[in-house]
Amino acid sequence: MATTLDVHVRMCNQEIVIFDLEVKAFIQDIRDCSGPLSTLTELNAKVKEKFHHLRLRIQELEQMAKEQDKESEKQVLLQEVENHKKQMLRKTTKETLAQTSSSITESLMGISRMMSQQVRQSEEAMQILANSSRTILDANEEFKSMSGTIQLGRKLITKYNRRELTDKLLIFLALALFLATVLYILKKRLFPFL
């Protein structure tokens, strides 16, 4: 039974080392990853899975240590379990950092998307403002040309009004001269002695 237990202990230690190396490799992949958020999430899930297997193996090793007959072997195995737990705690901190960096990356990507949307909206607003400005400038040019036309029309109307007044005055004077001439002729014919 002791040799079978020793074999199990060695296998469990080997599996712990293998899982430990895999976790370290995945953490390094997370550090090196500059890709999309889905890749980071996938790597993070793999780290969690390997951590779960690592915890199970450490618990299994702890159980085997408790089943040891010799107190010295039991203490050595329990010390190994404690060392593995301490290492796992440090890795858990790394995992937490990886999760934090993943959430920060996600937040930054969200901010980046919001900023690009704001830039697009600003570009659209600038385009609308440019079109409105062009329309206002065109309307202003139209009003200036209309203003010139209106000024010219006013001058012409004023000129025609003066001419009409002059024409009325000339007609009145011509009529007065005609009447004066008619009266003079009548006076000379009807009253030649006067």
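Below are short exercises on this structure, each with a worked solution.

This is a predicted model: local features need pLDDT of at least 70, side-chain atom pairs count only at pLDDT 80 or more, and totals for chains, interfaces and linings use all residues. Residues are numbered from 1 along each chain as its sequence is written, and side-chain values use heavy atoms, without hydrogens and water.

**Exercise 1. Compare the end-to-end distance of α2 with its expected span.**

Start with the rule: the expected span is 1.5 Å times one less than the number of residues. Helices here are DSSP runs (H or I, at least four residues), numbered from the N terminus. With 30 residues, α2 should span 44 Å. Its end C-alpha atoms are 43 Å apart, which agrees.

**Exercise 2. Find which helices build the largest nonpolar core.**

A nonpolar core is a set of buried Ala, Val, Leu, Ile, Met, Phe, Trp, Tyr and Cys residues joined through side-chain atoms within 4.5 Å. Buried means under 20% relative accessible area, exposed over 50%, partly exposed in between (1.4 Å probe, protein chains only). The largest core has 19 residues; I16, V47, L54 and L61 touch the most other members. Helices α1 (2–32), α2 (37–66) and α3 each supply at least two of its residues. The largest share, 9 residues, comes from α2. Buried residues of α2 include N44, K50 and E62.

**Exercise 3. Place Q75 and classify its exposure.**

Locate Q75 first: it sits in helix α3 (residues 71–190). Q75 has a relative accessible area of 43%, so it is partly exposed. Its C-alpha atom is 7.6 Å from that of A65, 10 residues apart along the chain.
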